[in-house]
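Trainee: I have a new model open and would like to talk through its architecture with you. Could we take it step by step?

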Amino acid sequence: MHDRPAAVTALSQAVAAGRRLARRCTREPCALDVLTALACLALMALDVPGLAAADNSLSGFTAALVLTAGAATLLFRRVAPWVPYLVALGLLGWLHELTLAQFALYSLARYRGRAAAATGVVGYISFAYVMFNLPGWPVHRGDTLAEFLSLVVPIGALAAGVGVAANRQDLVRALQAQRAETETLHAVQRERDRIARDVHDFVGRELTLLSVRSQVLARRAAGSPHEEGFEELSETARSAHRLLNEIIIQRDVAGRPTPGLEALPDLAESSRRAGSPVDLAVDAAAYRLSPLRQAAVHRVVQECLTNAAKHAPGAEVEVRVTVREGRLRVSVRNALPAGTPGAPEEQRPAATGEPADQPAAAPPPVSAGTGTAGMGERVWTLGGTFSAGPRAGHYEVTADLPADEQA
């Protein structure tokens with residue numbers, strides 16, 4: 001009663017083991033080549049009795065050795081497919097053996113492509129035709145030309161055709177693998193770009209504010225023992241920002257890693273602490289904007305406040321975010337610093353009469369020169385317009401884009 005289930009279990013285990021072995025062999029090129037050579041030898045072994053009986057001075061043993069040597073050339077079918085092809089032609093002329101030719105033509109077509117396959121088929125048919133016209137062609141291999149063609153031509157054409165199809169499948173799989181690898185590399189690069197942008201947006205801004213704040217404290221502590229320490233701190237922050245700009249070559253603008261409008265008061269407060277007061281006004285309707293629009297507003301305002309701290313420290317910054325008739329408008333403006341082209345005359349320093357103890361001008365701020373371009377790119381990708389430049393004694397940045405409110 002229990003013998004049948006045990007036998008079924010053993011058979012199932014054997015089938016599963018066979019499947020695992022087959023999958024392993026198909027993944028290993030060398031193992032697959034060995035199986036191909038053994039399959040070819042098994043088919044050619046069916047002709048050993050006829051070869052031993054024919055007038056070719058071969059016994060059954062020597063015929064088996066010759067066929068084994070011929071099948072062994074299929075082990076080189078990937079790196080040198082012409083070797084089994086030439087051996088197959090030799091066996092065709094000597095022993096009138098057609099089996100190896102099928103495997104050789106398939107291998108030639110698969111691993112060398114259509115041109116090699118066409119050349120191999122033409123050479124094979126031409127060589128077989130010459131051998132057919134020589135004395136000694138066996139009758140069972142084709143007594144007339146029509147029988148010969150119906151036997152030889154389909155063998156070569158079919159084997160080469162299957163090989164060409166397999167070659168195209170190999171190319172498709174290689175392209176798919178390359179595409180998957182490329183997409184993976186692009187995903188990694190995009191993630192790196194997002195990280196680089198976040199580092200620039202947040203760490204860079206904090207370093208700028210730290211440098212500006214340190215300069216302010218150094219001037220307030222002029223003549224005290226802490227002055228030199230504040231100046232060193234400011235220079236350290238500037239050096240760190242310079243290195244940051246050298247490392248980050250470009251930044252991606254996809255995704256939404258930056259906060260929305262809820263973070264604008266924090267930005268304003270940080271600027272106030274750094275010595276640049278901010279007059280912030282945001283329409284209530286703006287808080288219903290999509291996260292992508294809010295991220296764009298945050299990005300523009302953040303970069304503008306950072307630039308104001310760099311180039312016009314101490315100047316009041318006016319920030320307006322309004323929504324009117326389906327359009328979102330962001331306006332950030334601050335007074336131009338003294339000595340800047342376009343600044344009001346009363347802001348320019350006099351040519352003479354400056355106090356002798358006037359502190360030396362602060363070194364120019366570190367800048368990668370890509371902040372304005374980054375703001376513009378983000379606005380343009382959302383279908384808006386962007387402008388930045390001096391206007392009526394102020395530096396004004398304006399972004400106008402579709403509101404795209406959430407439902």
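What follows is a short conversation about the fold, its cores and a few helices.

Trainee: Happy to start broadly: how many helices and strands does the chain have?
Mentor: Keep in mind that this is a predicted model. The chain runs to 407 residues, and 37% of them count as buried. As for its secondary structure, the count is 11 helices and five strands.

Trainee: What share of the contacts with a separation of 6 or more comes from residues 24 or more positions apart?
Mentor: Here we set aside contacts with a separation below 6 and look at the rest. Among those, the pairs 24 or more positions apart account for 69%.

Trainee: Which helix gives the largest share of the largest nonpolar core?
Mentor: That core has 33 residues, and Met44, Tyr85, Leu100, Leu105 and Tyr124 touch the most other members. At least two residues each come from α2, α4, α5, α6 and α7. The largest share is 12 residues, and the helix supplying them is α6.

Trainee: How many residues are in the other core that lies apart from it?
Mentor: A general tendency helps here: in soluble globular proteins, nonpolar side chains tend to be buried together. Leu264, Ala296, Leu305 and Ala308 are among the members of this other core. Its size is 30 residues.

Trainee: Why do the buried residues of α2 line one face of the helix, and within what arc do they fall?
Mentor: Helix α2 covers residues 29–45 and reaches 24 Å, close to the span expected for its 17 residues. Its buried residues are Asp33, Thr36, Ala37, Cys40 and Met44. Seen down the axis of α2, they line one face because their directions fall within an arc of 95°.

Trainee: Which exposed residues sit on the face of α9 turned away from its buried side?
Mentor: Start with the buried residues of α9, which are Leu264, Leu267, Ala268, Ser270 and Ser271. They fall within an arc of 160° seen down the axis, so they line one face of the helix. The face turned away from them carries Asp266 and Arg273.

Trainee: Is Glu303 buried or exposed?
Mentor: Glu303 belongs to helix α10, residues 291–311, and its side chain makes a polar contact of 3.0 Å with that of Arg299. The cut-off for a buried residue is under 20% relative accessible area. Glu303 has 6% relative accessibility, so it counts as buried.

Technical notes. Residues numbered from 1 in each chain as written. Predicted model: local features only at pLDDT ≥ 70, side-chain atom pairs only at ≥ 80, totals over all residues. Heavy atoms only, no water. Helix = DSSP H or I, 4+ residues; strand = E, 2+ residues; numbered from the N terminus. Buried < 20%, exposed > 50% of the residue type's maximum accessible area, 1.4 Å probe, protein only. Polar contact = N/O pair within 3.5 Å; in protein donor to acceptor, adjacent residues only side chain to side chain. Expected span 1.5 Å × (residues − 1). Arc of directions from axis to C-beta. Contact = heavy atoms within 4.5 Å. Core = buried A, V, L, I, M, F, W, Y, C linked by side-chain atoms within 4.5 Å.
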